[in-house]
Every structure is written in structure tokens, then in C-alpha cells.
Amino acid sequence: MMMYKKSVKVSRNAPCPCGSGLKYKKCCLNSPKGSGPDQLKKLYANAKKYNIRLKQQVDIEGIRKAGCLVLDTLDLVENEIRPGITTDSINTIVHEFTLKNGAIPAPLNYKGYPKSVCVSVNEVICHGIPSERVLKDGDIVNVDVTSILNGYYADANKTFFVGSPGPDARKIVHVAHESLRKGMAMVKPGNTIGDIGWAIQKYAEGEGCSVVREFVGHGVGFDFHESPQVPHYGSRGKGIELIPGMVFTIEPMINLGKKELIILDDQWTAITADGSLSAQFEQTIVVTGNGYESLTPYE
């Protein structure tokens, strides 16, 4: 790690002295007061302790390109979602489009997962395996896409309406979408992973919904799942402190009813124990010097 004195002036375009690999202007130039050399060294040592693989600018650009493909894939799927389509047809769309663009669908054969995308309908919280299930008017369906492009991973998902949604569908999709926004707003150097979960939990439970505990966000970029884990519940000020160069997902799974779940016999599909609707939104983000940037940005 590079050592430096406070009196040394660093060019805006020079590598950041903290050792992140980012340019100074993209990293610690605008960091909060108190983040001097000793504190920065402490934070980066802490990241190493928890096996967090910080990304340099070249890595961030690679993840961003993979993220663009993920977003294009989700847009393509959204245009095809309608009553009568099967979830396996969605898998075919994702698989063929991913390969056409020189990428690999990360879910395929991951720990035995048999398809190229997760498609979760209504009471399915996550990891729904595409099948001959036919989408019906009024359903909600989450499509979770992870692409590997030139060795870099990006991960994002959205929950879509199928046909005309009812009031419960509208509520849970709105709360899940807003939960993601609340969590992302907490990302900046000096805040903690606990701040992210706290903001999500406070909002979702305040809306009468619940937050799934068993599945969390995660580091991503060099691999499908990296450190750190990012729970969508928690206490403010607790957990690992955020520093520039961290790349991870925030992907709150929000239930209209209770938080408990059941894993089906296929060992993948998670459903709400009470049969209530569940929705999810996810983005891949990088911590910057004064906040965050989404590498899979959508409204």
C-alpha cells in the first residue's frame, strides 16, 4: 500500500494515495473530514480482513459494460412479458440474447442451478426455476439476470406486472422498489452496511410489509458472490464501514405478509410461508469517494 504525508499534494487524475486503484478525484478527494492517511489505511486493512476485493477503475468499467448488457436483457424481457408466456420462454430469451452478445449467463449450472435466469412469480421470493408455468393476468414476476462479460459479473433484477395488476400487486412492487432506493441512498464512505439494512427495514416495515432475512445482497464483479454480505435489515452504524472501490448488490426481498419462507423440494425455489406476494428489485453499485454509482442504473 502506498504511503504518503498530508503535506503532499495529489493531482486530481493521479492514483488515489489510499490504494484503491481509482483516480484521486473519483475516490478520496471529496471524502468526509477525518479520513486521513492513517484512517484510510485502517479502512483498507479492514476490507482485506473481511476478504473484500476492492475494484480498480478498469474493473469498474468492465462491470459497467456487463451491467449494460444486463439492463438490455431486462428491457428485452419486459417487452415480451404478457399473459400466456411461460417462464421457460423468458429463460430462452435471456439465454439466447446473452450468448448473442458474447457473454455467459452466470446462473446456468451454478451449484447445479439448471437454467440461465431466475424467474419468480407471485409468492415466489427468489430462485424460481423457469418451467412451463404460464403467466396470468394480474401476476407479478421477478426476473433476475446476472451476466459474465469479458470475465466481469453484473447482477440486477426487476419485478414486472403481467397485464393489469390488482391493489396488492401494486403495493408490494412499489414498496420493494422504494426499499431499494432507500438502501442505495445510504451508500457513501463512512456509512456502514448496517445503515443500508436499517433504512430498508424501517421503510418496509413501516409500510406493513416484511423483509426476508435468509437472502442478502453480496459483493460482485470478479465472481458471482463475493464478500461482503449485505443484509436488508439491521442496525444503524453497525457492520463493515463502506469505502471507495467496494462493489456489491442491494436486492431487498419484500413480502406483503410475514417474513418466513419455505424452500421447495427442488432446493432452489423460495416461497412465502403464508402464500403472500413477494417482490424484489436489485442493482449493482460501487462506492465512490462521496457516495455511490449504480453500474446497472434504472429508475
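## A small enclosed space

The largest cavity in this predicted model has a volume of about 30 Å³. With 30 Å³ as the lower limit, the count comes to 1 cavity. Its lining is made up of Ser120, Val121, Asn122, Val124, Ile125, Ile140, Val141, Asn142, Thr159, Ser278 and Ala279. If you would like to find these residues by element, look at β2, β3 (124–126), β4 and β13 (278–280), which each give two or more residues to the lining of the largest cavity.

Which strand gives the most to the lining of this cavity? That is β4, with 3 residues. By residue type, the lining of the largest cavity holds 6 nonpolar and 5 polar residues, and no charged ones.

## The chain as a whole

Stepping back to the full chain, you will find 5 helices and 15 strands. The chain has 299 residues, and 55% of them count as buried. Its accessible surface comes to about 13,500 Å², with 50% of that belonging to carbon and sulfur atoms.

Contacts between parts of the chain that are far apart in sequence are well represented here. Among the contacts with a separation of 6 or more, 68% are between residues 24 or more positions apart.

## The largest pocket

Now for the open space. The largest pocket has a volume of about 560 Å³. Of the 24 residues lining this pocket, Tyr110, His127, His218, Phe224 and His225 are the closest to its centre. Three elements give two or more residues to the lining: β4 (140–149), β7 (217–219) and β8 (226–230). The strand β4 thus appears in the list for the pocket and also in the list for the largest cavity.

The largest share of the pocket lining comes from β8, with 3 residues. In terms of residue type, the pocket lining divides into 10 nonpolar, 8 polar and 6 charged residues.

## Aromatic rings by the pocket

Across the whole structure there are 4 aromatic pairs. One of them joins tyrosine 110 and phenylalanine 224: their ring centres are 4.8 Å apart and their planes meet at 55 degrees, so the pair is tilted. Tyrosine 110 sits in the loop between β1 (104–105) and β2 (118–121), while phenylalanine 224 sits in the loop between β7 and β8, so this pair ties together parts that are 114 residues apart in sequence. Tyr110 and Phe224 are also among the residues closest to the centre of the largest pocket.

Are the two partners buried or exposed? Tyrosine 110 has a relative accessibility of 23% and counts as partly exposed, whereas phenylalanine 224, at 8%, is buried. Ring pairs also bring in Tyr153, linking it with Tyr110 and Phe224 into a cluster.

## The loop between β1 and β2

The loop that holds tyrosine 110 has some backbone detail to look at as well. Asparagine 109 lies in this loop between β1 and β2, and its phi is near 70 degrees, a positive value in a residue other than glycine. Lysine 111 is in the loop between β1 and β2 too, and it has a positive phi of about 50 degrees although it is not a glycine.

Both of these residues count as exposed: asparagine 109 has a relative accessibility of 59%, and lysine 111 has a relative accessible area of 69%.

## Two prolines in strands

Proline 105 is placed in strand β1 and counts as buried, at 4% relative accessibility. Beyond its neighbours within four places in sequence, proline 105 is in contact with His95, Thr98, Leu99, Ser116 and Thr146. Its C-alpha atom is 6.4 Å from that of isoleucine 148, a residue 43 positions away along the chain.

Proline 228 lies in strand β8, the strand with the largest share of the pocket lining. A cis peptide bond joins serine 227 to proline 228, with omega at about 5 degrees.

## A residue in helix α4

Finally, take a look at arginine 170, in helix α4 (residues 167–184). Arginine 170 counts as partly exposed, at 48% relative accessibility. Leaving aside neighbours within four places in sequence, arginine 170 is in contact with Phe161 and Pro165. The C-alpha atoms of arginine 170 and isoleucine 140 are 9.1 Å apart, for a separation of 30 residues along the chain. Isoleucine 140 is also one of the residues that line the largest cavity.

Methods
Residues numbered from 1 in each chain as written. Predicted model: local features only at pLDDT ≥ 70, side-chain atom pairs only at ≥ 80, totals over all residues. Heavy atoms only, no water. Helix = DSSP H or I, 4+ residues; strand = E, 2+ residues; numbered from the N terminus. Buried < 20%, exposed > 50% of the residue type's maximum accessible area, 1.4 Å probe, protein only. Contact = heavy atoms within 4.5 Å. Areas by Shrake-Rupley, 256 points an atom, 1.4 Å probe, with all protein chains shown as cover. 1 Å grid on protein atoms, 1.4 Å probe; cavity = no way out; pocket = protein on both sides within 12 Å on 5 of 7 lines; lining within 4 Å. Points joined across faces, edges and corners; volume = space filled by probe spheres on them. Nonpolar A, V, L, I, M, F, W, Y, C, P; charged D, E, K, R; others polar. Phe/Tyr/Trp six-rings, centres within 6.5 Å; stacked < 30°, edge-to-face > 60°.
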